[in-house]
Amino acid sequence: MLTRNGPSGGEAKLRYLDGDVDVIQPGDYVTCAVTGRKIPIAALRYWSVDHQEAYVDAAAAASRMVDGETPQ
């Protein structure tokens, strides 16, 4: 479960786990690794534990998995 501690605002830094995330740095959003769109923390539903990145929706997540690229 996502919990916040401290001030918010700007981009959050998260560690993506199986079915959960750890907040490294609080913020209001994360950025989709595929589309570049901002994802409000409350709306975050898709991410990759292996790639440690977030996706705006299922289509973006599937696109990343099909491409098979490993992030730099």
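A residue counts as buried under 20% relative accessible area, as exposed over 50%, and as partly exposed in between. The exercises below apply this cut-off to a predicted model.

**Exercise 1. Classify Asp20 as buried, partly exposed or exposed, and place it in the fold.**

*Solution.*
Step 1. Asp20 has a relative accessibility of 24%, so it counts as partly exposed.
Step 2. Asp20 belongs to strand 2, and Leu17 stands opposite it.
Step 3. Asp20 can also be related to a residue further along the sequence: Trp47 is 27 residues away, and the C-alpha atoms of the two are 9.7 Å apart.

**Exercise 2. Describe the overall architecture of the protein chain.**

*Solution.*
Step 1. Count the elements: the protein chain has one helix and six strands.
Step 2. Put them in sequence order, which gives the pattern β-β-β-β-β-β-α.
Step 3. Consider burial: of the 72 residues in the protein chain, 28% are buried.
Step 4. Consider the surface: the protein chain exposes about 4,700 Å², and carbon and sulfur atoms supply 49% of this area.
Step 5. Consider the contacts between residues at least 6 apart in sequence: 23% of them join residues at least 24 apart.

**Exercise 3. Determine which side chains of strand 1 point to the buried face, and how strand 1 is joined to strand 2.**

*Solution.*
Step 1. Strand 1 comprises residues 13-17, and its side chains alternate between two faces.
Step 2. Leu14 and Tyr16 point to one face and are buried. Lys13, Arg15 and Leu17 point to the other face and are not buried.
Step 3. Strand 2 spans residues 20-25; it runs antiparallel to strand 1, and five bridges join the two.
Step 4. Two facing positions can be named in this pair: Leu14 stands opposite Val23, and Leu17 stands opposite Asp20.
Step 5. The hairpin has two residues between the strands, and Gly19 takes a positive phi near 75° there.

**Exercise 4. Compile the surroundings of Lys13 and Gln25.**

*Solution.*
Step 1. Lys13 lies in strand 1. Its relative accessibility is 42%, and it therefore counts as partly exposed.
Step 2. With neighbours within four places in sequence left aside, Lys13 is in contact with Asp22, Val23, Ile24 and Gln25.
Step 3. Gln25 lies in strand 2. Its relative accessibility is 41%, and it therefore counts as partly exposed.
Step 4. Under the same exclusion of neighbours within four places, Gln25 contacts Glu11, Ala12 and Lys13. The contact between Lys13 and Gln25 thus appears in the list of either residue.
Step 5. Two C-alpha separations complete the description. Lys13 and Tyr29 are 16 residues apart along the chain and 8.8 Å apart in space. Gln25 and Glu11 are 14 residues apart along the chain, with 8.3 Å between their C-alpha atoms.

**Exercise 5. Identify the buried side of helix 1 and the elements against which it packs.**

*Solution.*
Step 1. Helix 1 covers residues 58-67, and its buried residues are Ala60, Ala61 and Arg64.
Step 2. These residues lie on the same side of helix 1, because they cover an arc of only 100° around the axis.
Step 3. The face turned away from this buried side carries the exposed residues Ala59 and Val66.
Step 4. The partners of the buried residues are strand 5 (46-48) and strand 6 (53-55), against which they pack.

**Exercise 6. Examine Gln52 and Arg37, two residues found in loops.**

*Solution.*
Step 1. Gln52 is found in the loop between strand 5 and strand 6.
Step 2. Its phi is near 55°, a positive value in a residue other than glycine.
Step 3. Gln52 counts as partly exposed, because its relative accessibility is 34%.
Step 4. Arg37 is found in the loop between strand 3 (29-31) and strand 4 (38-40).
Step 5. Not counting residues up to four places away in sequence, Arg37 touches Val30, Thr31, Cys32 and Val56.
Step 6. Arg37 and Tyr55 are 18 residues apart in sequence, and their C-alpha atoms are 8.7 Å apart.

**Exercise 7. State where Lys38 lies with respect to the ring of Tyr29.**

*Solution.*
Step 1. Lys38 lies over the face of Tyr29.
Step 2. The distance from the ring centre is 4.7 Å.

Definitions and conventions: Residues numbered from 1 in each chain as written. Predicted model: local features only at pLDDT ≥ 70, side-chain atom pairs only at ≥ 80, totals over all residues. Heavy atoms only, no water. Helix = DSSP H or I, 4+ residues; strand = E, 2+ residues; numbered from the N terminus. Buried < 20%, exposed > 50% of the residue type's maximum accessible area, 1.4 Å probe, protein only. Contact = heavy atoms within 4.5 Å. Areas by Shrake-Rupley, 256 points an atom, 1.4 Å probe, with all protein chains shown as cover. Lys NZ or Arg CZ within 6 Å of the ring centre and 35° of its normal. Pairing = 2+ DSSP bridges. Arc of directions from axis to C-beta.
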